[in-house]
Amino acid sequence: SNLVIVHSTGVYSHSVSWCQCPGAEKARHLHLMKARLFPASIARPRSAFTFDVLDNFLIDALECKTSAMSFYQKLRRFTNNAFPDTIPDRYRELMRVSRIWRDLVNRKRFGFGHDTERSPGPGDLALYCPACPQPGINLPTSWRYDYEEWLVMRRYVVDGNFTAQHMKMKIPEDDVSLADGKGYMVTEGPYQAHIDDSKSTCSNHRAVNATNIQRSNLRATGVGATACARHGCFVPHAVVDFQKGERHMNMDYSICNAVKYTPEHIGSTLIIYDVACQWSIHFAERVDQSYHLSLPEGTEILPAVGKFHLSAHKLQCFPRFSLNFMTGARHIDGEILETLWAPFNKISPTARSMSLAHRKEVLDDHMRDSNWKKMVGIGKS
């Protein structure tokens with residue numbers, strides 16, 4: 001039979017004779033996998049991608065923000081630059097296979113590749129900041145007695161991004177998720193239940209009244225995230241979608257998930273948010289009244305405003321929410337999440353029209369890569 005093989009050097013068509021030896025695998029897709037070829041289908045494979053080209057695509061997408069269409073067009077031109085249209089079109093197959101490949105690679109890297117009895121839970125396929133306080137990982141067992149409370153205080157910065165929009169799907173029931181809630185984006189079901197049960201009665205900030213809140217073709221008008229304020233690492237399972245701009249009920253969910261992420265409770269948490277002066281007023285009440293929001297017992301939330309945004313607030317906000325006057329805040333500006341949005345925005349146009357599940361997987365992958373580069377580049381202390 002004829003088989004189209006996509007490699008990092010081009011697209012090739014080969015005649016293949018399947019092994020008929022006694023005791024050989026009957027499933028043809030397993031023959032291909034043993035030859036380091038990933039089939040585009042299982043029953044009667046007609047196309048396959050080499051492991052190398054799939055790895056190249058993932059790195060290109062992460063580092064160069066290359067779309068699947070641009071990547072495949074590059075391969076067609078490698079094969080025949082004069083007449084690339086004569087090369088078989090396997091763009092759809094690349095989209096499907098690359099999603100599966102990405103999920104398999106992540107599961108393998110996080111210890112779930114060969115474990116069939118244990119499935120990853122929320123945030124299990126994500127990297128966390130290696131330098132932020134984590135009991136049992138980078139703190140001694142006697143940390144509660146050895147250190148003052150302000151020294152191990154968690155410091156988070158919260159912000160929204162209105163570039164990472166998502167269009168409504170034509171057939172949402174056909175969408176299949178491979179890693180819902182396993183990375184940095186929250187699990188869809190519980191989050192939607194929280195949104196449906198929440199009613200916002202707060203006074204909106206200008207960020208809430210963004211110009212895109214009335215766009216009827218958008219399922220999500222942006223995303224909100226929580227990251228560590230000192231090192232700029234995204235917190236796993238704490239990135240949410242906006243429905244109509246940046247509302248308190250969206251950020252409440254992100255912040256509560258971020259505070260609960262570490263397995264052992266740390267008493268106080270510094271939350272740096274552009275509108276912390278408004279958000280913090282009824283935050284405790286909103287948590288108490290919600291079935292979907294919770295905080296560890298004894299958690300103390302210290303609201304603050306980033307130094308750049310604080311200059312646009314009223315004078316009364318300066319002594320109360322300035323990082324300069326908070327014990328344990330250290331020398332941080334509270335705006336590091338703004339720097340993380342810059343590379344993130346390069347993939348937003350591509351992810352805008354993807355399916356919900358595919359978009360989440362792509363955003364998770366880029367946030368995971370951002371944290372990975374922070375981890376390997378962090379200095380020794």
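Is Ser 294 buried, exposed or partly exposed, and what is its relative accessible area? Select Ser 294 to begin: this residue is partly exposed, with a relative accessible area of 31%, where buried means under 20%, exposed means over 50% and partly exposed lies in between, for a 1.4 Å probe and protein chains only.

The model is predicted, so local features need pLDDT of at least 70 and side-chain atom pairs count only at pLDDT 80 or more, while totals for chains, interfaces and linings use all residues. Residues are numbered from 1 along each chain as its sequence is written, and side-chain values use heavy atoms, with hydrogens and water left out.

**Around Ser 294**

Ser 294 lies in the loop between helix 9 and strand 11 (300–304); helices (H or I, at least four residues) and strands (E, at least two) are DSSP runs, numbered from the N terminus. Now add Cys 256, Lys 260 and Val 287, which Ser 294 touches when residues up to four places away in sequence are not counted, contact meaning heavy atoms within 4.5 Å. Asn 257 is 37 residues from Ser 294 along the chain, and their C-alpha atoms are separated by 8.3 Å.

**The nonpolar cores**

Next, select Ile 255 and Tyr 273, which touch the most other members of the largest nonpolar core, a group of 34 residues. Such a core is a set of buried Ala, Val, Leu, Ile, Met, Phe, Trp, Tyr and Cys residues joined through side-chain atoms within 4.5 Å. Helix 7 (248–259) is among the elements that each supply at least two residues of this core, and helix 7 gives the most, with seven residues. Apart from neighbours within four places in sequence, Ile 255 is in contact with Val 158, Thr 226, Ile 271, Trp 279 and Phe 283. A second, separate core has 31 residues, including Ala 229, Ile 336, Ile 347 and Ala 351.

**The open sheet**

Move to the four strands that form an open sheet in the order 2-1-4-3, with mixed pairing; two strands pair if DSSP finds at least two bridges between them. Strand 2 (10–15) and strand 3 (37–39) stand at the edges, each with a single partner strand, so one side of each has no neighbour in the sheet. Strand 3 and strand 4 (residues 47–50) run antiparallel and are joined by three bridges, and Pro 39 stands opposite Ala 48 in strand 4. Helix 2 (residues 51–64) packs on the sheet, touching strand 1 (2–7), strand 3 and strand 4, and its direction makes about 65 degrees with that of strand 4. Here axes are lines fitted to C-alpha atoms, for helices over the stretch in contact, and angles run from 0 to 180 degrees between N-to-C directions.

**The largest pocket**

Finally, select Met 95, Arg 99, Met 354, Ser 355 and His 358, which lie nearest the centre of the largest pocket among its 36 lining residues. On a 1 Å grid over the protein atoms alone, a pocket is an open set of points with protein on both sides within 12 Å along at least five of seven lines, and lining residues have an atom within 4 Å of a point. The volume of the largest pocket is about 940 Å³, a volume being the space filled by probe spheres set on the points, which are joined across faces, edges and corners. Helix 4 gives the most to the lining of the largest pocket, with eight residues.

Definitions and conventions. On a 1 Å grid over the protein atoms alone, a cavity is a set of points where a 1.4 Å probe fits but cannot get out, and a pocket is an open set with protein on both sides within 12 Å along at least five of seven lines; lining residues have an atom within 4 Å of a point.
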